[in-house]
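Here's a quick tour of the charged pairs and empty spaces in this protein. Have the model open while you read, since we'll hop between the two topics.

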Amino acid sequence: MFNYCSIEILKTKRTIIRKLVWIFPLLVSIITFLFFASTGYVVQSIINQWSFIWVNLFLALEIGLIDRHERNSTDYKMILSSPDDLFQYELGRILHDVLLSLITTCTLGILVILLSFLMPMKVSLGACLLALFGIFAATLWEIPLYSWLSRVTNLYVSVGLAFAGSLIGIWVDNLSLGKLFPFTWSAIMPVSLIQMHVNGLLVEDTDKIPNNSWTLLASLILFIVLSGLSAAAFKKQVVKNA
């Protein structure tokens, strides 16, 4: 699996896919800064905006572009005709996507650290960084989903699902069973850390904020299940097309 991940890393060398890991979080930071600079909560707003919309769109876009790159280069023929364990190969592709997501999270973390020297912070820097890595963990389940969906459809369907899921997640957030919807997990996870609700309002002293750390375990479990299903579907597709 790790060898296949290394192969995928080499494939994306000198492509826009690599550049997106720093361009995307930089653009998000700039846009959020321009809109929220006057509020005094720029860093919290960046994390808040990233958690419920931008991270979902980034994952769908990044994974969709990887699929498009593979289609344009070999249309998966080199992979499908290889004697390698295709179940493990797909897991290696998913691991590569996880690595890109982690690098992007680190990039955004560096930007947050830099901004903390320029803008006033209402919460600790440690809490902000912990929130970012919590968002990374809470969105792990999306990676195998987009890997499968992009392969059986295209980039636009994945991005459309990410956008629709984000909007629905905002809508169902306040419902009693809304937290069972996976697209809400990355949004509600950092609330207690950055002291800002999903809707952008600050947490008041009288507000009761539940412990949403369970979203990390839920995301991990769903990630494992969807990774297995995606890899099995990839292998089954190969057998079908053989």
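Why are Glu8 and Lys11 separated by about one helical turn? They sit 3 residues apart in helix α1, so about one turn of the helix lies between them. Keep in mind that this is a predicted model.

**Charged pairs**

Glu8 and Lys11 do more than share a helix: their side chains meet in a salt bridge, with N to O at 3.3 Å. The two partners differ in how they face the outside. Glu8 is buried at a relative accessible area of 2%, whereas Lys11 is partly exposed at 25%. The pair also belongs to something wider, as Glu8, Lys11 and Glu70 are linked in a network of salt bridges.

How many salt bridges turn up in a search of the whole structure? The search finds 5. Here are three of them, with the N to O distance for each pair.

| Pair | N to O distance |
|---|---|
| Glu8 and Lys11 | 3.3 Å |
| Arg93 and Glu90 | 2.8 Å |
| Glu90 and Arg151 | 3.0 Å |

Glu90 shows up twice in that table, once with Arg93 and once with Arg151. Take the Arg93 pairing to begin with. Arg93 and Glu90 are 3 residues apart in helix α5, so they too are separated by about one helical turn. Is Glu90 buried or exposed? Glu90 counts as buried, because its relative accessibility is 0%. Arg93 is at 5%, so it counts as buried as well.

Now for the other partner. The salt bridge between Glu90 and Arg151 has its N and O atoms 3.0 Å apart, and this pair links distant parts of the chain: Glu90 is in helix α5, Arg151 is in helix α7, and 61 residues separate them. Arg151 has a relative accessibility of 5%, so it also counts as buried.

The burial of Arg151 fits what goes on in its helix. In α7 (residues 142–152), 9 of the 11 residues are buried, so this helix is largely enclosed by the rest of the structure. Besides Arg151, the buried residues of α7 include Glu142, Ile143, Pro144, Leu145, Tyr146 and Ser147.

**A charge without a partner**

Side chains of opposite charge can pair when their charged atoms come close. Glu62, which is found in helix α3, makes a nice counterexample. Glu62 is buried yet has no salt bridge. Which side chain of opposite charge is nearest to Glu62? It is Arg18, 7.7 Å away; a salt bridge would need a nitrogen within 4 Å of a carboxyl oxygen. Leaving out residues up to four places away in sequence, Glu62 touches Ile17, Leu20, Val21 and Leu100.

**Empty space inside**

A search of the whole structure finds 1 cavity of 30 Å³ or more, holding about 50 Å³ of space. Some names from the charged pairs come back here: the lining is made of Glu8, Ile63, Ile66, Asp67, Arg93, His96, Asp97 and Ser147. The elements that give two or more residues to this lining are α3 and α5 (86–116). By class, the cavity lining splits into 2 nonpolar, 2 polar and 4 charged residues.

**Open pockets**

The largest pocket has a volume of about 300 Å³. It is lined by 14 residues, and the closest to its centre are Asp173, Asn174, Lys179, His197 and Val198. Its lining divides into 7 nonpolar, 4 polar and 3 charged residues.

The second largest pocket comes in at about 150 Å³. Its lining includes Lys11 and Glu70, both of which belong to the salt-bridge network with Glu8. Among the others in that lining are Ile7, His69, Ser73, Thr74, Met78, Ile79 and Tyr89. The elements that give two or more residues to it are α1 (2–11), α3 (42–73) and α4 (77–80). Which element gives the most to this lining? That would be α3, with 3 residues. By class, the lining has 4 nonpolar, 4 polar and 3 charged residues.

Conventions:
Residues are numbered from 1 along each chain as its sequence is written. This is a predicted model: local features need pLDDT of at least 70, side-chain atom pairs count only at pLDDT 80 or more; totals for chains, interfaces and linings use all residues. Side-chain values use heavy atoms; hydrogens and water are left out. On a 1 Å grid over the protein atoms alone, a cavity is a set of points where a 1.4 Å probe fits but cannot get out, and a pocket is an open set with protein on both sides within 12 Å along at least five of seven lines; lining residues have an atom within 4 Å of a point. Grid points are joined across faces, edges and corners, and a volume is the space filled by probe spheres set on the points. Ala, Val, Leu, Ile, Met, Phe, Trp, Tyr, Cys and Pro count as nonpolar, Asp, Glu, Lys and Arg as charged, and the others, Gly among them, as polar. Helices (H or I, at least four residues) and strands (E, at least two) are DSSP runs, numbered from the N terminus. Buried means under 20% relative accessible area, exposed over 50%, partly exposed in between (1.4 Å probe, protein chains only). Lys and Arg count as positive and Asp and Glu as negative; His and the chain ends are not counted. Contact means heavy atoms within 4.5 Å.
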